[in-house]
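Trainee: Before we discuss any labels, could you put the model up, so that I can ask what makes each term apply?

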Amino acid sequence: MKKEVRKVVIAGNWKMNMTPSEAAKAVKETAELTAGKNGCDVVLCVPFVDIAVAAEAAKGTNVKIGAQNVHFEAKGAYTGECSASMLLEAGAEYVIIGHSERRQYFGETDETVNKRTKAALAAGLKVILCLGEVLEERQAGITAEIVSMQTKLDLAGISAEDLKNVIIAYEPVWAIGTGLTATPDQAEEVCAIIRNVVCGLYGCEAAEALTIQYGGSMNDGNAAELLSKVNVDGGLIGGASLVPAKFAKIVDAAQA
């Protein structure tokens with residue numbers, strides 16, 4: 001972390017978990033456990049059906065609410081989708097775009113990630129933009145090439161001004177939901193590669209100000225060591241975010 005030049009953000013991704021009643025309880029508990037801990041921003045990204053109740057439960061607290069996906073069109077015949085304006089009105093401030101599970105299971109591509117990112121930013125949402133390599137790519141030694149390409153494609157046409165509302169989450173696909181975690185040095189190396197690419201695209205001042213999270217099985221046990229790295233500015237937390245006590249310990253680790 002490098003708090004003097006950029007914001008640290010700890011964001012939870014609940015994935016397909018929590019009914020609305022469960023969500024309200026979990027948000028309130030998380031807010032109580034993280035109250036007054038101002039060393040980082042705290043975000044919970046929840047299923048569509050939970051956004052309104054989560055936003056209500058988070059009122060007056062330090063917890064911000066986000067969605068887990070957004071469609072790139074404003075309206076139309078897109079059954080099952082939600083637009084950026086719908087998310088905003090429901091109470092979302094953030095949205096995750098390009099999560100590896102969306103890419104793996106639902107046909108997400110760098111092109112659609114870019115379109116969703118533009119739509120979300122245009123509507124006033126803050127974007128948590130996910131990218132990362134699969135195991136075969138890491139084993140082949142092409143991690144740098146893959147994340148560099150993704151960064152360039154996903155940010156294509158995004159202005160320097162809009163970049164201020166983008167967080168990049170490096171999430172190695174091989175570490176999502178597997179219990180495997182990149183070592184702190186591996187996380188630092190790839191986050192630095194991403195920052196260097198952004199430096200080439202937008203200038204090094206913009207790159208230095210960009211928040212880059214690590215998002216591969218960060219938990220209450222390994223968060224402190226991961227967050228000790230200069231280029232790791234927070235975490236996108238999966239399973240641990242479903243347990244407020246564990247999530248709060250990660251927030252604690254970001255206070256250093």
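Mentor: We start with the naming of elements: helices (H or I, at least four residues) and strands (E, at least two) are DSSP runs, numbered from the N terminus. This is a predicted model, in which local features need pLDDT of at least 70 and side-chain atom pairs count only at pLDDT 80 or more, whereas totals for chains, interfaces and linings use all residues. Residues are numbered from 1 along each chain as its sequence is written, and side-chain values use heavy atoms, with hydrogens and water left out.

Trainee: Why is strand β6 called largely enclosed by the rest of the structure?

Mentor: Buried means under 20% relative accessible area, exposed over 50%, and partly exposed in between, with a 1.4 Å probe and protein chains only. Five of the five residues of β6, residues 166–170, count as buried, so the strand is largely enclosed by the rest of the structure. Val166, Ile168 and Tyr170 point one way and Ile167 and Ala169 the other way, all of them buried. In a regular strand the side chains alternate between the two faces of the sheet.

Trainee: How do you know that β6 pairs with strand β7, and in which sense?

Mentor: Two strands pair if DSSP finds at least two bridges between them. Between β6 and β7 (residues 212–214) there are three bridges, in the parallel sense, and Ile168 has Ile212 of β7 as its bridge partner. Strand β5 (residues 126–131) also runs parallel to β6, joined to it by five bridges, with Leu131 standing opposite Tyr170.

Trainee: What makes the space of the second largest pocket a pocket, and what is its volume?

Mentor: On a 1 Å grid over the protein atoms alone, a cavity is a set of points where a 1.4 Å probe fits but cannot get out, while a pocket is an open set with protein on both sides within 12 Å along at least five of seven lines; lining residues have an atom within 4 Å of a point. Grid points are joined across faces, edges and corners, and a volume is the space filled by probe spheres set on the points. By that reckoning the second largest pocket has a volume of about 320 Å³. Its lining has 17 residues, and Leu163, Lys164, Asn165, Val166 and Ala209 are the closest to its centre. At least two lining residues each come from α8 (160–163), β6 and α10 (204–209), with α10 giving the largest share, three residues.

Trainee: What makes Lys2 and Glu208 a salt bridge?

Mentor: The term asks for a side-chain nitrogen of Lys or Arg within 4 Å of a carboxyl oxygen of Asp or Glu. In Lys2 and Glu208 the closest N and O atoms are 3.1 Å apart, and the pair therefore qualifies. The two residues are 206 residues apart, Lys2 in the segment before β1 (9–13) and Glu208 in helix α10.

Trainee: Why is Glu208 called partly exposed, and is Arg6 buried or exposed?

Mentor: Glu208 has a relative accessible area of 29%, which lies between the two limits, so it is partly exposed. Arg6, at 4%, is under the lower limit and therefore buried. Glu208 and Arg6 also form a salt bridge, with their closest N and O atoms 3.6 Å apart. Since Glu208 lies in α10 and Arg6 in the segment before β1, the pair ties together parts that are 202 residues apart in sequence.
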